[in-house]
Amino acid sequence: MCGIMGYVGKSPASGIILEGLARQEYRGYDSAGIALRREGEIINAKIVGRVSELVRKVGELPPECSQSTSGIGHTRWATHGGVTETNAHPHESADGMVVLVHNGIIENSREIRDELESNGIRFRTETDTEAACQLLAVLYGTCGGDALKAMRKLTSRLTGAFALVIMFRDRPDEIWCARKGSPLVTAFDGSASYCASDPTALLGHTHDLCFLEEGELALLSSDDLKFYGFDGQPRDKSPIHLNWDSVMADKGHYEHFMRKEIGEQPDVLRLTIDAHTIVTNVALEKSITLPKGLMKKIRRVQFVACGTSYYATIVARDIMESLDGNLDISVEVASEYRYRNIRGGEDTIAVFVSQSGETADTLAAARIAKALGTHCIAMTNVRGSTIDREVEHTLLSLAGPEVGVAATKTFMGQISLLALLVMHLLKERETLSASDEARLIGGLRSLPALQQSVIEREDEIAALAKKYCKSKGFFFIGRRECVPLTMEGALKLKEIAYLPSEAYAAGEMKHGPIAMLDEKLTVVALVPDTDLREKTLSNVEECRARNAPTLLIVSEGDHDASAHANDMIAVPRTEPELFPFIGVIPLQLFAYHTARSLDRDIDMPRNLAKSVTVE
Ligand code: M6R
C-alpha cells in the first residue's frame, strides 16, 4: 500500500524517482507526487491519477528541478483523507523545513494534530501523514537542527505503522528514513543512495539491498548509507544480494503483466521442483532445518495467510490431510487468527504464507504464534521481507517478481513449494510412503508441460470469456481439491473484472445460493474425472434445471460431460491431489479475458493494492 522512492546522488533525480514509482505503481495508484530541490527550496509536484500523469507534471516544473540530484516520490493508496491533490504526498511542514512521504497509518495522528493546531500550526490536508510532517518540523527546531535527535523524538511519539522518507530543506545531500511496521529497502551503489518500498524499484541500479528492520533509521547521502536504531545508536548492516533480474519485472511484449505472469507458471513450477527434489525424493533439508525428531511430536499443523495465499494453503491442507490422517490440520485467515483464542505451543507447527512477506495481518498472526511457543515457518516470495526476517524458518518461493496486482504465478510458486513442504514434514514424521512420494513428485514433474498445453489453448478460453462477460454474475462450484480453485476463480473475477462472483462447495448450492440462479447467472463448475465427478455433475444438473448456463472445466477425454454443459474447457489429467496445479490456469485466463473484454484496468484494478501493509 503506497509506494515510496528516494534518491540522493550525483545524477538528475527526477527520472530515477519516476521510474521507481512506475515500477511500484501496483502498490497504490490513486494519486502520486514528487519532491525535488531548486535553489535551496524543495518543490513539490502532485497529481490525482497515475504516474504517467506525474511525469507530464514534472515536465512543467522550472528547468532547475530537472537538475536536482536528490528527491523523494510516492504513489498513494488512500487511507485517511480523500483522493485529492492536496492529500497526495509529499507533505510539507508549515515552515517548509520538512518534506515527507509515508506508507502506513499513524494511529495517534488526531492527538498530534490537535496539539499542534492548538499551538497555532495550520494543517492543510486531511491525512494522518501531515501530523508526522508538522511534528518533525517542530522537533527539528527544538533539537537545534539535529536531525538524528529529531528523528528519535519523532519515532518515539508516533504510534501505528510507518515507513517515512524525509527531506530537510537545509540538508541538501541527505534523505532520512524510518521504519516501523511498513517495509522499506535501501541501497548504496558507490555514488548514490536509494530507498524504496519494494526491491523491484531498485534492481535497475543494484542487487545489493539493505532492508530496514523494525525500529530502524537510515541516513542516505551521495557518498554513504548509514543506519541507526530508534535509540540513535549506529547499526551495522550487510547488504543482501537479491538474485532477481530487473527484466523479470518488465512486461516484455505482453499487453499486461498479469498475462505474462500466467504464462510464466510452468517455469515457476519447474524451477521449484528442480530446486527442491532429487529424482523422486523431496530434498528440502538444505532450505529448512527443524529440530530433529520434532515432527514426531507435532499434533497440530496450522496454515495461515490472506487472499490468494490463503487459498494456496487450502491446497496444502488437502494434500497433507490425504496423506496423514493423524494430524490436526487447519487453515486460518490471518486477520481472524490474530484475534481468536488460537491454540499453539510446542506441539504445533504454523506455516505463514505471504508472497510479499509484508501483509500486516499475516505478520501479526506470526508474532502471536511465536509468542505462544509455536514452531513457525514462513513462506514468501521476497527475500529480506519482514516475514523472512522475523520468522525463524523461511522458505522462499521461486516465482520471481510479480507485478500484476492479481496474484497468479506466485500462487503457483506457493502451491508447488507447499506441496513439497508437506511431503518433507511427513517424511520427517515417517508417515509419507515411498510410493506416495514418488507418485507425487512424478506427478509434479509432468505438470509444467501439461500447463503449457492449457496456456496454448488461450484463444478458446478468450472466446468463452467474451461470450459470458455480460453475465450478471458467476458461481464457481466444485468439490474437495476443487474448492480452493472455486475461491481463487471467483476472487480473480471480482478483483480484475469487478463482476459479482461467489465460490461454493458444490454440495452447498442447494442450501441457499441456488435461489439466485436464472439464465443470466453463469455457473463455472470444476469437474475433473475423479471419484467425485458424478456427485458434482448432479449439482451441475440442479443448476441447469434453474436455467443457469454452465461452463465446465473437465478432464481431457471426458466427452460425456458435454451433456451437462453449455460449454467446456478440457484440461489434462493429473494425480487427483494435484488438480489445482492445472485447474487454476483456465480460471486465471478466463478472468483475464473477461476483464479484457470489459476493458478493465487489469494490472491495476480499482481500489486494490498489491501488498496490504495496513490492517
Ligand atoms: O502478499 P500476500 O500473499 O500476503 O498477499 C495476500 C493477499 O493480499 C493477496 O493474495 C491478494 O488476495 C491477491 N493479490 C489477489 O490476487
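Begin by selecting Arg480, which sits in the loop between strand S23 (473-478) and helix H16 (483-497). In this predicted model, Arg480 has a positive phi of about 45° although it is not a glycine, and the residue is partly exposed, with a relative accessible area of 39%.

Next, select Val279, in the loop that runs between strand S16 (277-278) and strand S17 (281-282). Its backbone can be inspected for a phi near 50°, again a positive value in a residue other than glycine. Is the side of the chain at Val279 buried or exposed? Val279 is exposed, since its relative accessible area is 61%.

A further backbone feature is found at Pro90, so labelled in the loop between strand S4 (70-76) and strand S5 (91-92). If you display the peptide bond from His89 to Pro90, you will find that it is cis, with omega near 0°.

**The whole chain**

Zoom out now and colour by secondary structure, which for this chain comes to 18 helices and 27 strands. The radius of gyration is 26 Å, close to the 25 Å that the globule rule gives for 615 residues, so the chain is as compact as a globular protein of that length. Along the principal axes, the C-alpha atoms fill a box of roughly 80 × 55 × 45 Å.

Colouring by accessibility shows a chain in which 62% of the 615 residues count as buried, while the area that the chain exposes is about 22,500 Å², with carbon and sulfur atoms supplying 49% of it. A contact map is also worth drawing: among contacts between residues at least 6 apart in sequence, 72% join residues at least 24 apart. For the charges, select the 68 positive and 85 negative side chains, whose two centres lie 2 Å apart.

**The cysteines**

Select Cys65, in the loop between helix H2 (51-59) and S4. Cys65 is buried, with a relative accessible area of 1%, and, leaving aside neighbours within four places in sequence, it is in contact with Leu36, Arg37, Arg38 and Ile43. One of these partners gives a useful distance to draw, for the C-alpha atoms of Cys65 and Arg38 are separated by 5.5 Å although the two residues are 27 residues apart along the chain.

Why is the sulfur of Cys65 not bonded to that of Cys133? The sulfur in Cys133 is the closest cysteine sulfur to that of Cys65, yet it is 18 Å away, which is too far for a bond. Move on to Cys177, which is in no disulfide either, the nearest cysteine sulfur being that of Cys195 at 3.9 Å. Because a disulfide needs two cysteine sulfur atoms within 2.5 Å, the pair formed by Cys177 and Cys195, at 3.9 Å, does not qualify. Cys177 is itself buried, with a relative accessible area of 0%. By this rule, the count for the model comes to 0 disulfides.

**Two loop residues and their partners**

Select Arg169, in the loop between strand S7 (160-168) and strand S8 (175-180). At 28% relative accessibility, Arg169 counts as partly exposed. When neighbours within four places in sequence are set aside, Arg169 is in contact with Arg37, Gly40, Glu41, Ile42, Asp95, Gly96 and Met97. The pair to measure in the viewer is Arg169 with Glu41, since these residues are 128 residues apart in sequence and 6.3 Å apart in space, C-alpha to C-alpha. Arg37 appears here among the contacts of Arg169, and it was also listed among those of Cys65.

Then go to Lys237, which lies in the loop between strand S14 (234-235) and strand S15 (240-241). Not counting residues up to four places away in sequence, Lys237 touches Cys210, Phe211, Leu212, Glu213, Glu216 and Phe227. The C-alpha atoms of Lys237 and Cys210 are separated by 6.9 Å, with their positions 27 residues apart along the chain counted as the separation.

**A last stop in a helix**

Finish at Leu363, found in helix H11 (residues 360-371). Leu363 is buried, with a relative accessible area of 3%, and its contacts beyond four places in sequence are Gly357, Glu358, Thr386 and Ile387. For a distance to set beside these contacts, select Thr277 as well: Leu363 and Thr277 are 86 residues apart in sequence and 29 Å apart in space, C-alpha to C-alpha.

Notes: Residues are numbered from 1 along each chain as its sequence is written. This is a predicted model: local features need pLDDT of at least 70, side-chain atom pairs count only at pLDDT 80 or more; totals for chains, interfaces and linings use all residues. Side-chain values use heavy atoms; hydrogens and water are left out. Buried means under 20% relative accessible area, exposed over 50%, partly exposed in between (1.4 Å probe, protein chains only). Helices (H or I, at least four residues) and strands (E, at least two) are DSSP runs, numbered from the N terminus. The radius of gyration is taken over C-alpha atoms; the globule rule is 2.2 Å times the number of residues to the power 0.38. Contact means heavy atoms within 4.5 Å. Accessible areas come from the Shrake-Rupley method with a 1.4 Å probe; for residues, only the protein chains shown count as cover. Lys and Arg count as positive and Asp and Glu as negative; His and the chain ends are not counted. The place of a charge is taken as NZ of Lys, CZ of Arg, CG of Asp or CD of Glu.
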